[in-house]
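Visitor: I would like a close look at a single part of this model, taken slowly, with each term explained as it comes up.

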Amino acid sequence: MLEVRNIETLYGLVMALRGVSLQLAEGRITAVLGANGAGKSTLIKTIMGLIEDQPDKGAIWLDDKRIDHRDTEEIVRLGLAFVPEGRQVFAELTVQENLAMGAYTRRGAAVRADLERVYGLFPRLLERQRQLAGTLSGGEQQMLAIGRALMMRPRILFLDEPSLGLSPLLVREIFATIARVNAEDQTTILLVEQNANMALSVCHQGYVMENGRFVLAGSAAELANDPDVREFYLGIQSEVSVKGYQRYKRKKRWR
Amino acid sequence: MRKGLILALSLALTLALAGVGVAAPVRGVSDTTIKIGQWGPQTGPAALWGSVARGTGCYFELLNAEGGVNGRKIEYFLRDDGYQPNRTKAVVKELLENVGVFGFASGVGTSPGMAVMPDMIANEVPWVGTATGSTHWAFPPKKTIFAVYPNYPDEAAILTNYILFTLKKEKIAFIYQNDDYGKGGLDGAQAEIKAHGKSLVAEIPVEVTDTDLASHVMKLKQAGAEAVIMWVLPKHAAILLGTSAKLGFKPQWVACSTLSDAPLMHKITKGLWNGVIFGNFAELPDSTSPLMVKYKAAFDKFADKKSDHWGVFFYAGFGFVEPMVEGIKRAGKDLTVDSFVKAMETLKDFKGIMGRVTYAPGERQGMREVFIGRCGEAEVTTPDGKQEKMGQAVRLSDWIAVK
Amino acid sequence: MFFQLIVSGIAIGATYALMALAMVIIYKTSEVLNFAQGDMAMLSAFVAFTLLTENNLGFPAAFAGALAFAFALGAFLEFAFLRRAKEPNVLGLIIITLGLEMILYGLASWKWGSDQKDFPFPVSDFDTHELGTVVVSDLNLVTLAVALSLMLLLFVFFRYTKAGVAMKATQQNEVAARLMGIRVNRILMLTWGISSVVGAAAAFMIAPVDTLDPNLMWTPQLKGFSAAVLGGMTSLVGAVGGGFLLGIIENLFGGYVSVEFKSVVAFAVIVVVLCLRPSGLFARHYVRKV
Ligand SMILES: Nc1ncnc2c1ncn2[C@@H]1O[C@H](COP(=O)(O)OP(=O)(O)O)[C@@H](O)[C@H]1O
Ligand SMILES: [Mg+2]
């Protein structure tokens, strides 16, 4: 399975990841929580080979193969699929063509079956088969982006903030689908979210990231019960008497 | 005694300065050699005409094999200017300053020539026989510049006259490259036809970059032209004849001497050149005149058959330079720019393989006659045994001088 | 006369359309104006010429061979030159294509000489058909047929084949294309190859009317570029429409207004279009590549 060992990623001179290690559990959903700018997207992009010449230090292993410093195209072909932040659908291709591109590396009858399946998961896409992706609503584009990734039949699926900019109802629908895919196909999933509530409701284990480092790790239940997570990510006030100063200190401890 | 010594010394000095014994050196001339330069497009759009400059090289090899001119061998410096005036300037500068040539033989192209003319005038560089019929070389006359090629207005006038009175066609149209070259021809044709109380039925310009001449041809057709005179590039002549054939327009085509390589024109027009009438400034390739036979032998011996064929542009490189060689010969052993110019001015009805050449003080246009030819066809057998039609020029008239 | 001008315009327009298509195919993927387009096509025409006259191949074999050469040439240039650009920006890439143009031109002049050659072709421009007063030659018809079938082929390719859709996908979003496992470098090579083939086809149609020499494609490239701008630069349909329209406008202008200024009509049209409809006459909408 995928293992990230102590990687550092630089944007020029700026260090965005400062020694991150991570192990995905086969067939499980792992969540990475963290505030805006923590480095969550950078982590996935580094794994996917999207940041040139990075990681600067450390290694990424898939089973017994090192996969860092390879072309994205080749990493994808190892069974890693990524639904990037902002969806990145092919705006001037139809829904059907977008999905076909998801299966670019595959051929055969199974592709047809998977297409049926994606349309089953997202019936709204079926209705809009011939529509240009650029003309879909945000939620539909998110469905398309996920559907397109599923067309790869990935071993591991990376999702970067699928909830961003969607209505609560749609968010729930999409997370339900994510959970369903994981349950039905045993797809390993890495889910990056700011919406910790939603993420913790579907994931099995999780990490909390701050300033390019993991500061906390645990099962979904452990994280949900962690007082800091509760306070800073779930927005639940713990003790009435907590002073601003103490909060500051606690936050600082994580760095 | 002292006085006598000083007198003797100053006498000796004066004698030395006057060049008794040690002559002041003339650029490009030594006891055994003369350096002569030429530019010509070996690449680029006008490369077809670059064979002129190679022909000159062949001519000089022939002369050197015969012992040179007045005992001096000719050292020939050919430079490719790609028909680009700024490159011509650089080439001429290099040949004058670094190589140090006595003068320039021929040189292809009106605009390349125009670009270097100021330098030639300023430095009094002998320059004979530019391979174009522009009037700029000889009018107004310049001391060291001698034109050989019959100028375009003269030639166009002769052709127009021929159409009017020998072919007896009155509706004449003129299609010309929209620059100095084409307009020179147009001027001559206009003047000639006006002198007979008529005018051209159409005057159509072609831009160098045009590749589609359909609307040009339709204008000619609409004007009802019986004869069309062409002052264009070979490439445009080919497009013009092709488009006309397609649109069913069949006038008598008449062409400038720049298009007088009949086999080549016949080939690139896929045979449409058959029957076209054109001006000629030099004997035809199959001429049996002694000079032509000798030059053909030189071609067989010295020329690179891969890049050149025995065609008019190649031996024009001989013809344009013959008057220069004659001038050098007549200047004798004491060759200087001045003695050369004087000698050139003694040429009267000088005859090589071209028309008669005459210069005089104040007269720098050497040749003022052309003859008329027509493209015919001959059956030839290609190397792989196929029968093929080849264009062949047929002489229609004697030399015709401008009135 | 009017109909003859239109027909002549369509005939020449077909070649402009092919050149425009060739340029747009590359422009769409990389926003590079490929100034070597014309000379890539010219070189392919010379290869066809050599296969025909020196290797004595028949027309089908010679043209197929030359098209294969064109494809390889396009792919090679992308692989060997454009891809090498460190930190490529659009201007830098355009300058590379200008350099390639000079290299290819020099190569052709050196290998084949610059004198005009007669380009053999199986159908003649002089075998004509008359429809009333309008004359059409066999070559015109073949040119039109070749142009239209190539366009149809491209249309089918981009619409119905995986590689074609992948090319469009790459044009629209390169990062997302990589994430689909599309090998973007190969797609770029393919793009250049296909573009080169389309340009070569144009050259094969132009050379029999013109004469074959290294300057063969200079004007057609300019016209193709104008047609592409007319069509909005990013639309294949626009490029085709622009090509035909430019051919017709030029001929009508030459016939009714002035032959002298016919060759500048193309540029006047560009200026007018850029002022009035910067996205081209045919573009539905202008989407910059993300
Ligand atoms: N392309 C980039 N160039 C320079 N800095 C970047 C770039 N992308 C992200 N960063 C910086 O790296 C840090 C982590 O960003 P990111 O991974 O996008 O955070 P997250 O996804 O957790 O919100 C931020 O400080 C951000 O400003
Ligand atoms: Mg992010």
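Visitor: How far apart do the C-alpha centres of domain 1 of chain B and domain 2 of chain B lie?

Guide: Before the answer, please note that this is a predicted model, in which local features need pLDDT of at least 70 and side-chain atom pairs count only at pLDDT 80 or more, while totals for chains, interfaces and linings use all residues. Residues are numbered from 1 along each chain as its sequence is written, and chains are lettered from A and ligands numbered from 1 in the order in which they are written.

The C-alpha centres of the two domains of chain B lie 27 Å apart. Domain 1 covers 33-150 + 287-367 and domain 2 covers 152-280 + 371-401, with bounds that come from an automatic or database domain assignment. Where they meet, domain 1 of chain B gives 10 residues and domain 2 of chain B gives 13 residues to the contact, two residues being in contact if their C-beta atoms, placed from the backbone, lie within 7 Å. On the side of domain 1 of chain B that touches domain 2 of chain B, four residues are nonpolar, six are polar and none is charged; here Ala, Val, Leu, Ile, Met, Phe, Trp, Tyr, Cys and Pro count as nonpolar, Asp, Glu, Lys and Arg as charged, and the others, Gly among them, as polar.

Chain B also has a partner, since 32 of its residues are in contact with 30 residues of chain C. On the chain B side, the elements that give two or more residues are strand 7 (202-206), helix 7 (214-222), helix 8 (234-246) and helix 9 (262-268), where helices (H or I, at least four residues) and strands (E, at least two) are DSSP runs, numbered from the N terminus. Helix 8 of chain B provides the largest share of that side, with seven residues, and by class the side has 13 nonpolar, 11 polar and eight charged residues. Of the two pairs of chains that touch, chains B and C have the most contacts between them, whereas chain A and chain B do not touch, their nearest C-alpha atoms being 37 Å apart.

Now consider the interior. A residue is buried if 20 or more other C-beta atoms lie within 10 Å of its own, exposed if 12 or fewer, and partly exposed in between, with C-beta atoms placed from the backbone. A nonpolar core is a set of buried Ala, Val, Leu, Ile, Met, Phe, Trp, Tyr and Cys residues joined through C-beta atoms within 7 Å. The largest such core has 295 residues, and those with the most contacts inside it are Met230(B) and Ala45(C). Helix 1 (residues 2-30) of chain C gives the most to this core, 17 residues, and the core also draws at least three residues from each of domain 1 and domain 2 of chain B. Leaving aside neighbours within four places in sequence, Ala45(C) is in contact with seven residues listed here as Phe119(C), Ala200(C), Ala203(C), Phe204(C), Ala207(C), Leu212(C) and Leu216(C).

To complete the picture, chain C also touches chain A, in a contact that takes 16 residues from chain C and 17 residues from chain A. Helix 6 (162-172) and helix 7 (174-179) of chain C each give two or more residues to the chain C side, and the largest share of that side, six residues, comes from helix 6 of chain C.
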